Amino acid sequence: MVKRSITRVSDGLVRLVNVCVVLLASVMLAAIGWQVTLRYLFNRPPSWTEELALLCFTWTMLLMMALGVRQAFHARIDLLLDRLPAPWAQRLENVIGLLTLFFGGYLALGGWRYMAETATSTSAAIAYPIYMLHGAAPVCGALVAWFALELLVTQPQRQDTPLPELAK
Amino acid sequence: MSITAWFLTVGFAALMVLGVPFVFAIGLSVVAVLIAVDIPDILLPQTLIGGTQSFSLLGIPFFMLAGELMTAGGLSRRLIGVADVFVRHLPGGMGHVTILAAVIFAAISGSAPATTAAIGAIMIPAMIERGYDAGYATALSVSAGVLAPLIPPSIAFVIWGVIAEQSIAKLFLSGVVPGLVMAAALVVVVALRAKRDQLPRLPRASWSEIRTAVNDGKWALLAPLIVLGGIYAGVFTPTEAAAVACFYSLAVGLWIERRIRWSDLPRIILAAMKISAIVMAIIAVSGGFGVLVAQEQLATKMATFLGDNIQQKWVMLLLLNVAFFLLAAVMDEIAIMVILGPMLIAIGNKFGIDPIHFGAIIVTNVSIGMAAPPIGYCLFVGMAISGLSLARVAKAIWPMVLAMLVVLMLTTYVPGFSLAFQKAA
């Protein structure tokens, strides 16, 4: 029951992250496209495009970094895991899961403090509140921790690091 | 050794061996130091965010996306068609087609996995169908794919440019000769193999076939001209060029080739962002690692130690290449560049190596690392396409890796190789 609920929440989070990433990446691309167009055609490069693109870039990459925990696409060496008997390999996976959970939690808390400390600042060109940028760290940390917790609770069968979509 | 140094070296290595993903092994080493030395925890998010706030690095997802769009839009198939009519009649012709197509594709995408996937997905089955050994077909596609970090534009050069604070346009040019010579070295391997195995030769293409293929492939062939021409004519920066490559590939895929539908875009974007995140996560998390390494002056101390004990430049360079090759067997190449970057740069400076030449040496190593067993990233991309085991592909790829190592030696000891086009930048 608990496992199913956690999986359902995670599935929802993955869908949300996917939608956000597609939107953010599209804005990022559009911003740079607009920058090139304005500079090339009118010789008037806008001041805000680079900042907007970088804001989207940070969010896109940190959201995908967290998603990498759920989809196990981060590169790692699994030579030791491959050589251990299955029960020991699972125990080691649990240790790795706990370490990932700890990292995510630490990043979430540190990121929250960082966001709070810089809450009154604004960005240089657009003057957006800087917590909109710094908020990516605690969100990333919380998602990393959640997906690591899910792995610990649901204990999926160990598999090789999946290959990139590109290979399909 | 201080406690910081212990965590950043032994602790990091232990986590890697245990199987912790590189990104979290780096991050956990940083966290351990922050806790042990009582440094405020905001250093981690601060450096993580800072690591992604680079306009140059913004080119990475765009280059990945351009590669994805080109594949989905059928441009890679057109490029292969063009390569086919020009070189298929040579001994081992399909192998030459693979190499030539990869060189052209690399001149747009800049990503080794994207190039391996785009070319390999078409060429591996085609070669197997025409009687080539499956292991050889996979190994060759992987080897051709790793030309991408050397042929401009290149994600690896973008990353090294940011780490070493060097001109990315100049670094791109430094890869041209090593990249083309590496392609030529692979051509030799293919020709020798064809002779040994008596591989079938295909008929020479007629003029009308050539005309048709070039006409069909003109949009694909135009892409490198726009991207590279734009960068070197000063029209756009490498990051902007990558974005332009995305728009171009999208437009061709949507309206000319008509192979991409708007509904395909989310899937294509997600695939590109996923593979970008594998690279960018390591770079971002390494920011904190770099700060602690700098605080402890680990890189400078190590470079001084090596400089005091090794007098000759050539020995140092040989050692560096051997160390990189061995490290790449257990560690991600991007992680090696980012983590060891400060030390490598300190060594390069100490021995008076031209920074652009040094960048070419590093990226040639990265290229080889991506194809070399046991954890070469492109190797796994090739295996996913052919469905072969690591052992089978690893056995077939050694002649190609050896040829690449010869090119590495040339790049290392003949600076003119990488500095040939520097006046153009």
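The following exercises, with worked solutions, concern a predicted model.

**Exercise 1.** Determine how helices H19 and H21 of chain B are oriented relative to each other, and describe the residues of their contact.

*Solution.* Step 1: H19 spans residues 355-371 of chain B and H21 spans residues 390-413 of chain B. Their axes come within 10 Å and cross at roughly 175°.
Step 2: angles over 145 degrees count as roughly antiparallel, and H19(B) and H21(B) are therefore roughly antiparallel to each other.
Step 3: H19(B) contributes B:His357, B:Ala360, B:Ile361, B:Thr364, B:Asn365, B:Ile368 and B:Ala371, which meet residues of H21(B) including B:Ile397, B:Val401 and B:Met404.
Step 4: the residues of this contact comprise nine nonpolar, five polar and no charged.

**Exercise 2.** Establish whether A:His134 is buried or exposed, and identify its side-chain polar partner.

*Solution.* Step 1: A:His134 lies in helix H5 (residues 131-134) of chain A.
Step 2: the relative accessibility of A:His134 is 7%. Because buried means under 20%, A:His134 counts as buried.
Step 3: the side chain of A:His134 forms a polar contact of 2.8 Å with that of A:Thr118.
Step 4: leaving out residues up to four places away in sequence, A:His134 touches A:Tyr114, A:Met115, A:Thr118 and, from chain B, B:Ile49.

**Exercise 3.** Which residues touch the most other members of the largest nonpolar core, and which helix gives the most to this core?

*Solution.* Step 1: the largest nonpolar core has 213 residues, and A:Met65 and B:Ile159 touch the most other members.
Step 2: helix H15 (residues 265-296) of chain B gives the most to this core, with 19 residues.
Step 3: beyond four places in sequence, the contacts of A:Met65 include A:Phe103, A:Cys140, B:Phe24, B:Ala277, B:Ala281 and B:Val285.

How values were computed. Residues are numbered from 1 along each chain as its sequence is written. Chains are lettered from A and ligands numbered from 1 in the order in which they are written. This is a predicted model: local features need pLDDT of at least 70, side-chain atom pairs count only at pLDDT 80 or more; totals for chains, interfaces and linings use all residues. Side-chain values use heavy atoms; hydrogens and water are left out. Axes are lines fitted to C-alpha atoms, for helices over the stretch in contact, and angles run from 0 to 180 degrees between N-to-C directions. Helices (H or I, at least four residues) and strands (E, at least two) are DSSP runs, numbered from the N terminus. Angles under 35 degrees count as roughly parallel, over 145 as roughly antiparallel, 65 to 115 as roughly perpendicular and the rest as oblique. Contact means heavy atoms within 4.5 Å. Ala, Val, Leu, Ile, Met, Phe, Trp, Tyr, Cys and Pro count as nonpolar, Asp, Glu, Lys and Arg as charged, and the others, Gly among them, as polar. Buried means under 20% relative accessible area, exposed over 50%, partly exposed in between (1.4 Å probe, protein chains only). A polar contact is a pair of N or O atoms within 3.5 Å; within protein, one must be able to donate a hydrogen and the other to accept it, and residues adjacent in sequence count only if both atoms are side-chain atoms. A nonpolar core is a set of buried Ala, Val, Leu, Ile, Met, Phe, Trp, Tyr and Cys residues joined through side-chain atoms within 4.5 Å.
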